[in-house]
Amino acid sequence: MSDFKVLQRENGGVSVLELKGYLDAHTAPKLEDAIQGLIAAQRYSIVVNCKDLSYISSAGLGVFMAFIEDVRNHQGDIKLSNMTPKVYNVFDLLGFPLLYDITKDERDAVKKFVEKKK
Amino acid sequence: MKTRKLTIESRTEQLIAVREFVSAAARDFGFADEEISKIALAVDEACTNIIKHGYQYDSSKTITITIKPDKEAFEVLIKDTGARFNPEELQTPDMKEYLAQYKKGGLGVYLMKTLMDKVEYHIHPGEMNEVRLIKYLR
């Protein structure tokens, strides 16, 4: 399926997941696998870059809900960055900005992880 | 605008087609982009709930989506013949408490109610279930 992609890379010791396309009940397992892979590798500093994410439904939001506790219990975090207003709106409707660290830019999110380690 | 109808197999692969169908109709009805996105998301959530909870991923079943434009009201009827499930049980009355508990699932019903002007359920046990979503053109 080409309607959703997760690209993984490293940025300053932080794992970055770049999301592209449409995140719904059909494509959410792909994101689940990616985060599960990071947790299995004990990589708990995670930034999800949403620059090219065109759409998110509650199935996508549920993936973040499923892993955040585990990641934070390991002194890590899942930070979200570069959201378009349309995607941010859905997060906002559900009150996610209270629970998740959402930054304007990926750099800001990475910086927060680096500063915390100092 | 005339009534439009789409029948899909109960598979998550079909969600993209559902969103495209609903978005095109909402655009023709006169909604702006922001409202079109809200309607498409609400219908996605309704269909996702049916695929997961109503039909429990049985792809031999079908879902019918009917769009009935009526003056200022854009009405979307979503019908299935799955086992009866109580959508209210998936509802979360207190989002703050909900988020604090990191629960997964059940967000869809809350979203539907927030995104649309009206959400109604008509359950006919053993026959069919119908979700009625309405958005007014203002």
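**Exercise 1. Work out how the radius of gyration of chain A fits with that of a compact globule.**

Step 1: start with the length. Chain A of this predicted model has 118 residues, and a compact globule with that many would have a radius of gyration near 13 Å.

Step 2: look at the chain itself. Chain A has 13 Å, which agrees with the globule value.

Step 3: add the dimensions. The C-alpha trace of chain A spans about 40 × 25 × 20 Å along its principal axes.

**Exercise 2. Find how many helices and strands chain A has, and put them in order along the sequence.**

Step 1: count them up. You should get 5 helices and 5 strands in chain A.

Step 2: now read along the sequence. The pattern of chain A goes β-β-α-β-α-β-α-α-β-α.

**Exercise 3. Decide how α2(B) and α4(B) run relative to each other.**

Step 1: locate the helices. In chain B, α2 covers residues 33–54 and α4 covers residues 107–115.

Step 2: get the geometry. Their axes come within 9 Å and cross at roughly 150 degrees.

Step 3: apply the cut-off. Angles over 145 degrees count as roughly antiparallel, so α2(B) and α4(B) are roughly antiparallel to each other.

Step 4: check the handedness. α2(B) passes α4(B) in a left-handed crossing.

Step 5: see who touches whom. α2(B) brings B:K38, B:L41, B:A42, B:E45, B:A46, B:T48 and B:N49, while α4(B) brings B:G108, B:L111, B:M112 and B:L115. Sorted by class, this contact has 6 nonpolar, 3 polar and 2 charged residues.

**Exercise 4. Describe the packing of α1(B) and α2(B).**

Step 1: again, take distance and angle. The axes of α1(B) and α2(B) come within 9 Å and cross at roughly 145 degrees.

Step 2: the handedness here is right-handed.

Step 3: pick out the residues. Among those from α1(B) are B:L15, B:V18 and B:V22, and those from α2(B) include B:I36, B:I39 and B:V43. By class, the contact of α1(B) with α2(B) has 9 nonpolar, 2 polar and 4 charged residues.

**Exercise 5. Find which helix supplies the largest share of the side of chain B that touches chain A.**

Step 1: size up the contact. It takes 22 residues from chain B and 21 residues from chain A.

Step 2: list the helices involved. α1, α2, α3 and α4 of chain B each supply at least two residues of that side.

Step 3: pick the winner. α2(B) gives the largest share, with 7 residues.

Step 4: sort that side of chain B by class. You get 9 nonpolar, 6 polar and 7 charged residues.

Step 5: check the confidence. The model scores ipTM 0.92 and pTM 0.90, and chain B averages a pLDDT of 88.

Terms used: Residues numbered from 1 in each chain as written. Chains lettered and ligands numbered in written order. Predicted model: local features only at pLDDT ≥ 70, side-chain atom pairs only at ≥ 80, totals over all residues. pLDDT = per-residue confidence, 0-100. Axes fitted to C-alpha atoms, helices over the stretch in contact; angles between N-to-C directions. Helix = DSSP H or I, 4+ residues; strand = E, 2+ residues; numbered from the N terminus. Parallel < 35°, antiparallel > 145°, perpendicular 65-115°, else oblique. Left-handed = near helix turned anticlockwise from the far one by under 90°. Contact = placed C-beta atoms within 7 Å. Nonpolar A, V, L, I, M, F, W, Y, C, P; charged D, E, K, R; others polar. Rg over C-alpha atoms; globule rule 2.2 N^0.38 Å.
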